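Me: I would like a close look at one loop and at the helices and rings around it, rather than a tour of the whole chain. Please state each cut-off when you first rely on it.

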Amino acid sequence: MSVAIWCIATLIVLGALLYHRVSLRSFTLGTVVMLALGTLFSVFAWIPWVIAAIILLPLNLSFIRKGVIAKRILSVFRKIMPEMSQTERDALEAGTVWWDGEIFSGKPNWKKLHSIPAGKLSAEEQAFLDGPCDEVCAMLDDWKATHELADMPEDVWQYLKDNKFFAMIIKKEYGGLEFSAYAQSRVLQKLAGHSTILASTVGVPNSLGPGELLQHYGTKAQQDYYLPRLATGEEIPCFALTSPEAGSDAGSIPDTGIVCKGEWEGKEVVGIRLNFNKRYITLAPIATVVGLAFKMYDPDGLIGEQEDIGITCALLPRDIKGMTIGRRHLPLNVPFHNGPIQGEDVFIPMDFIIGGQAMAGKGWRMLMECLSVGRVITLPSNSAGGAKSLALVTGAYARIRRQFKLPIGKMEGVEEALARIGGNAYLMDAVTKFSTAGLDQGEKPSVISAISKYHMTEKLRQCMNDAMDVHGGKGICLGPNNYLGRGYQGTPVAITVEGANILTRSLMIYGQGAIRCHPYVLEEMEAAAVPGKEGLDRFDKALFGHIGFVFSNFVRSLWLGLTGARFTAAPANDSTAHYYRQMTRFSSNLALMSDVAMGVLGGELKRRERLSARLGDMLSYLFIGSAILKRFEDDGRPADDLPLVHWAMQDSLNKLQQSQLEFLENFGAIGSVLKGIMFPFGRIVKAPSDKLGHKISRMLMEPNATRARLGEGQFLSEKGPFGYVEQVLRDIIAIEPLHDKVQKAAGERLPFMRLHEIGLKGKELGVLSDEEVALFKRAEEGRLRVINVDDFDPADLLAGQAARDYALAQVGKEKSVA
C-alpha cells in the first residue's frame, strides 16, 4: 500500500465518521485503526502516531481537556462575552425551539417532520367556520364600512360579541370557545379574504392582548373577573405597548410607573403612579380595558430593595382618572379601530398588575412568550387568507377579461403574475398550517413567529401587487364593485405592525435564531454564567460538542457540494426527493456559515445587518421549504398539486441560494473559500420555469380539484365582494364552445362581447336551445359586472366637514329656488 492510497483511505474513513457525527471515542478508534493499517502495511513508522497522540490524547483525557483546555477557554470567553441585560435574556429564553432547531442542525430528520400531527378541525370548529363565520361575512358590506361609516355597523359588532369571535383563545370554563391555534388561523383566513377590517378586529383580541396574558399569568381573581366578560364581549380589550420613541425596539419603552402611596377607593394604599404615551394601539378607541406595558421603579423601597424593577404589565379600566383615549388613527383608509392612549399621573393599586405584585418586572418575558404565539397566528393567517382569495379571483378574472381577442390569462406576462400568486398562496397556506400545528403541540416558537410574520406579509404584498397588475383599471377604481382596492391599501399596515419588517429581517430572525436554534451556542453562554465545577462541566461538554459540530458540517458541506447531495437519504422516491436532499445540503451550509461568521465577527455580526439578514433568509426558507413538503405529505401527496409544490419549492430554494451567495460574496476571502466548497460546480437551483408557470396559470383559470384545495375555506358566497366571479367563470367556460358553434354556423368570426346578442343569433341559426340562449344572457350580465368599475356623483366622494358643507349648500340652493 502506497502512502497516497493510505492518506486517501484515511481521509475517506475519518471524513465519513465526521459526516455521521460519531462520538470522540469512535473517531479516535477509527484513527487508531487506520494508523494500525498503515503500520501493518509498512506505509510509515512512528511519526503519524506521534501527531495523532498530540492531537487526540489531550481531547480524550478529561483532566487535560477539561482541567486545562476548556478551563482556559472558559476564562477568556467570560472576559469577552458582552454583558447581557435581563431584557435581552428574557427575549432569548422566551418561547421554545421546535423545527427551527432541527433545520439549524445541518442534518434535518425528515421522518420527524412527517411525524408531526397535521392540524385538524373539531366538529365544533368546523361548524363555527360554516356558520357564524359565513354569516358575519355576509353581513358586512366592506365598502360601506370603509367609505361611509369608517367602522363596522353596530349589528356586525353585536354579532361578533354574541358569537364569541373575541373569545377564541379563552377557555371554556370562562365561557370562551377554546379553539385550537389551527382553527383560529382558519377563521382569520376566511375573514381576511372578505374584509381587512373584520380580520384585524377579530385577530387582535385573540393574539397579543389581555386575554392571552390573563390566562397564562393572571391571578385567580383577575381571571374570574375579566375572562368571562371578555368572552361575552362585555369588555373590549386592547394592549398598549408601542410608544412614539419605542416601536420595533419595544424593550426601550419610556413609559414609567413609580411605586408610591396614593388613595384608592377612599384608602391610602401602596400602588403605582403611571405616566405614558402610546400610539398605534388597535381597538384603543373602543376598548373598555387597557393592557399597559411600562417600566416600573421603586425609588423609596416600598416593596423591596430593588429600585429598577423592570418592564411590567397591568390592566386599567377605561374610565380610570388621568387616562385619555378615544381619538383614532386612520391606517391607510382601512378604518379598523386604532388610536393613541395617554396617561398622566394615573394611580393604580398593586393588584392591577397582571399576575399581581409577584409578576412585577416580569412583563417583558410575559410579552415575549405571548407575542411568539400571536405573531404565528394573526398576521400570517390574514396574509394567507388574502393570498388564497386573490389566487381564485385573479385567476377567474384573467379567464373572463379579454384583450386582443383572447383571455388575458393566456398572455405570457399575465401568466407570470398568476404563477406567482398561485405558488405563493400554496406556500403561505402551508406555512400557516405547519406553524399552527406546532402551537397545538404546545410549542411557542419565537424564531418561527418572526419568520412567519415577515415572509407571509411580504408575500401578500407581492401577491397583491401582481393581482392589481392583472386587474388594471378594475383594481384602481374604488367602489362597491372593487374587491382589491382596500386590501391593496391596507397591505403596508401588516408590513409595519408587530415589528417593522426591515428590522424583523435584519435583526430579529437571525439575531434570535443564531443563539436559540444553534445546538451549542446558548448552552455555552449559559454555562459561562454558572460558577464552579458545574459551569466548567457544562462548558466543556458544549465547547467540544461545538467543535465536532463545525468539523462535521465542514465535511458534510464539502461532500454534499461535490456530489450534489445525490447520495443523501430522502423520505420520498418521487420528484420531491430532490428537494429533501437539497434542503439537507443547505442546512449543513447554514450551520457551517453561522459558526464561521460568529467565529470571525463575534458580536460584530449583530451590527453587520446585511450579513445577518441573509443568514436569516437561509433559515427562513429552510423552514418555508419544510412547510411546503409537510403540506404535500399531509394532503396525501396528490399528483395534481405537484405544479404548485414544484413552483413553491423552486422559488424558495432559489431565493435561499441567492441569499447564501450574496453572503459569501460579501464575506471577503473566507467567503470565497466557502463558496468553492459549497458551490464547486456553480449554482445548483434554478428559478421556476416558464412551463411550470404556464401550468399554474391555467389551473387558476378554471374549476378543478387543485384550485378548490388552494382556496379551501374561503368565503365564496355571492353575498361577498367577489363570490359572484366564480359563477361568471363557470358561465364563461360553459359558453366558450357554444360561442365557437355559433361562429361556425354563421361562417364569420364573432367578438366575445354582447354575448346576449350572439345567443339570439345562435337561436336564429338553429344551433342554440332556449336554455343556452339564457346562459348567454346571464354570462354577459356577469361579464359586464366583473369588468365594469364604479363611478360617483362628486358629492358621494366627500367626507367629514366637506360633506356637511356640501349638504348645507344644497339646502341653500333649494331655498333660493323656492
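What is the relative accessibility of Glu178, and as which class does Glu178 count?

Reply: Glu178 has 42% relative accessibility and therefore counts as partly exposed, the class between buried (under 20% relative accessible area) and exposed (over 50%), with a 1.4 Å probe and protein chains only. The model is predicted, so local features need pLDDT of at least 70 and side-chain atom pairs count only at pLDDT 80 or more, whereas totals for chains, interfaces and linings use all residues. Residues are numbered from 1 along each chain as its sequence is written, and side-chain values use heavy atoms, with hydrogens and water left out.

Glu178 sits in the loop between α10 and α11, where helices (H or I, at least four residues) and strands (E, at least two) are DSSP runs numbered from the N terminus. The backbone of Glu178 has a phi near 50°, which is a positive value in a residue other than glycine.

The loop between α10 (154-162) and α11 also holds Phe179. In contrast to the partly exposed Glu178, Phe179 is buried, with a relative accessible area of 8%. The ring of Phe179 has a partner in Phe128, and the two form an edge-to-face pair with 5.2 Å from centre to centre and 80° between the planes; rings of Phe, Tyr and Trp (its six-membered ring) pair if their centres lie within 6.5 Å, and planes under 30 degrees apart count as stacked, over 60 as edge-to-face and the rest as tilted. This pair links distant parts of the chain, since Phe128 belongs to helix α8 and Phe179 to the loop, 51 residues apart. Phe128 counts as buried as well, at 6% relative accessibility.

The pairing goes further, because the rings of Trp157 and Phe166 have their centres 6.3 Å apart and their planes at 50°, so this pair is tilted. Trp157 and Phe166 are both buried. Ring pairs also connect Phe128 and Phe179 with Tyr159 and Phe165, giving a cluster of these residues. For context, a search of the whole structure finds 17 aromatic pairs.

Next come the helices. The axes of helix α8 (residues 123-139) and helix α11 (residues 181-192) come within 10 Å and cross at roughly 25°; axes are lines fitted to C-alpha atoms, for helices over the stretch in contact, and angles run from 0 to 180 degrees between N-to-C directions. The two helices are therefore roughly parallel to each other, given that angles under 35 degrees count as roughly parallel, over 145 as roughly antiparallel, 65 to 115 as roughly perpendicular and the rest as oblique. From α8, the residues Glu125, Phe128, Leu129, Cys133, Asp134, Val136 and Cys137 meet Ala183, Arg186, Val187, Lys190 and Leu191 of α11, with contact meaning heavy atoms within 4.5 Å. By class, the residues of this contact are eight nonpolar, no polar and four charged (Ala, Val, Leu, Ile, Met, Phe, Trp, Tyr, Cys and Pro count as nonpolar, Asp, Glu, Lys and Arg as charged, and the others, Gly among them, as polar). Phe128 thus has two roles here, as one of the α8 residues that meet α11 and as the ring paired with Phe179 of the loop.

Two other places can be set beside this region. As a second helix pair, α17 (residues 446-471) and α20 (residues 501-516) have axes that come within 9 Å and cross at roughly 155°, and that angle makes α17 roughly antiparallel to α20. Their contact residues include Ala450, Ile451, Lys453 and Tyr454 of α17 and Arg505, Ile509, Gln512 and Arg516 of α20. That contact divides into five nonpolar, six polar and four charged residues.

For the backbone of Glu178, a counterpart is Phe404, which has a positive phi of about 55° although it is not a glycine. Phe404 lies in the loop between β8 (402-403) and β9 (406-407) and is exposed, with a relative accessible area of 73%. Among the residues that Met411 touches is Phe404, the others being Gln403 and Leu406, not counting residues up to four places away in sequence. Met411 itself is found in the loop between β9 and α16 (412-440), and with a relative accessible area of 24% it is partly exposed.
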